[in-house]
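Trainee: I am new to this protein and would like to study one part of it closely. Please choose a single part and explain how it sits within the whole.

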Amino acid sequence: MTMTARTLWIGCAAALLSGGAVQAQEACTTYTIAPGDNLRRIARKAYGDPDLFRVIYEANIAVIGAKADLIAVGSRLVIPCDPNAPVEMGAAGPGGSAVVGDAMNPAADQTEVVTALPAERSVENTEAEPPVTSAAAPAADAGAPVPQTAPPVRIVTGNGYAPFADKTLPGGGMFTQLVEMAIFRADPAITYNLTFISDWQAHIDALLPSQAYDLSFPWLKPDCEGTTILSPGDQARCDNFVFSAPYYEIVDGFFARSDSDLVDATSYAAFEGKRICRPEGFTTGVLDAVGLSVPVVELMRPIEAVDCFEALEAGKVDLVSIDVEVGDSTIARLGLSKRFAQNPHLFTLQSLHVIAHKSNPAAVAMIGVMDEGLIEMYESGEWYDIVSTALSQNAQLQQ
């Protein structure tokens, strides 16, 4: 996929969203569902933030249904007042209770647990233990059986992977929003904790195998069913992990200094003998498949993408092998867009997935549930909404 094709994809995604224009609506009122509507679009119109869709859902469970299936055209929804709007002390919300203006801020530095919504979404930025939910259990009558509830699904992702996952991105990044919406679509009653741990390799080496966490995202899937000889690391992924259905397709390419002949290379043979940087966590299968394994090339494996581009700028490597969207975002953040360029001729199409370790039966079952939610996202239009918005925001940051 060339740069022109990638630009065309963004345009197509935007066109897919234009089929059902949402009527203008405001918070603290009601709204009648029109063709093409979904909760994210309504939340964007009402609050300027599509991630507040659960506020609308919670106020309209009787209309929408506990499963959050597609809402019938003509249904009338209550649009609560903006939960983030500053209010005077003691001001009452729609139900007569005080409204806290900063109750939903997933970008906060500290661990956050939102207990007012069905899914208790906690956000962490360190290797801290998963938080304990602060929601109080209802009191039970003496001698009555204690209801058994499933523990929250423990999900871990990381930072430095824009536009897909990073605590500083809107909604935690495109893939984070896709995962959360898939869970919501599958069953809004599912509770989960979401943690950001930047040591990506630790996710598959320790955190999931030890069942400290259940799911991790986003991960490339090696060619487990193909005839290609896999590296030990990729073979271990195939043997030990279950992969969700593809959530997003990426272009995996190569970046070099703009004045390098490697930018115009049309054969992988031109990369032989070169120093290539590919961050940890990214499968080396794309390199192995085109004959660029060690010792044919010298491979550098730092933790984050930014380390690769800093090494390229310092002349310590000749190429960076990485997802093109991540590469573009990292270069823009470093202010080096004119210094580096993507080779438009040599690339591989890959897909991104949610993964679970095979030793965790509950997590493996959850993968199936999330795949069902993914299908519903396609049907509702929310997948296209999330992806096109994130790609547009990412493009603006690169300008």
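Mentor: The accessible surface of the protein chain comes to about 18000 Å², and carbon and sulfur atoms account for 56% of it. This surface, like every value that follows, is computed from a predicted model. Of the 399 residues in the chain, 48% are buried. The fold is built from 12 helices and 14 strands. When contacts between residues at least 6 apart in sequence are considered, 70% of them join residues at least 24 apart.

The part I propose for a close look is strand 9, which spans residues 248–257. This strand is mostly covered, with eight of its 10 residues buried. Its pairing may be followed one partner at a time. With strand 14, residues 348–357, strand 9 runs antiparallel, and five bridges join the two. Within that pairing, tyrosine 248 stands opposite leucine 352 of strand 14. Strand 12, residues 319–323, is also an antiparallel partner of strand 9, over four bridges. Here aspartate 252 has aspartate 323 of strand 12 as its bridge partner. Strand 13, residues 340–342, pairs with strand 9 in the antiparallel sense as well, through three bridges. In this case phenylalanine 255 lies opposite glutamine 342 of strand 13. One general point helps in reading such an element: in a regular strand, side chains alternate between the two faces of the sheet.

To set strand 9 in its wider context, the enclosed spaces of the structure deserve attention. The structure holds three cavities of 30 Å³ or more. The largest has a volume of about 150 Å³. It is lined by 16 residues, of which Tyr161, Trp200, Glu280, Gly281 and Phe282 are the closest to its centre. Strand 7, residues 215–220, gives the largest share of this lining, with three residues. By class, the lining of the largest cavity comprises 11 nonpolar, three polar and two charged residues.

The second largest cavity has a volume of about 80 Å³. Its lining includes Pro163, Leu169, Pro170 and Gly173, together with Met174 and Gln177; Ala390, Gln393, Asn394 and Leu397 also belong to it. Helix 5 (174–186) and helix 12 (382–398) each supply at least two of the lining residues, and the largest share, four residues, comes from helix 12. By class, six residues of this lining are nonpolar and four are polar, while none is charged.

Key. Residues are numbered from 1 along each chain as its sequence is written. Side-chain values use heavy atoms; hydrogens and water are left out. Buried means under 20% relative accessible area, exposed over 50%, partly exposed in between (1.4 Å probe, protein chains only). Contact means heavy atoms within 4.5 Å. Accessible areas come from the Shrake-Rupley method with a 1.4 Å probe; for residues, only the protein chains shown count as cover. On a 1 Å grid over the protein atoms alone, a cavity is a set of points where a 1.4 Å probe fits but cannot get out, and a pocket is an open set with protein on both sides within 12 Å along at least five of seven lines; lining residues have an atom within 4 Å of a point. Grid points are joined across faces, edges and corners, and a volume is the space filled by probe spheres set on the points. Ala, Val, Leu, Ile, Met, Phe, Trp, Tyr, Cys and Pro count as nonpolar, Asp, Glu, Lys and Arg as charged, and the others, Gly among them, as polar. Two strands pair if DSSP finds at least two bridges between them.
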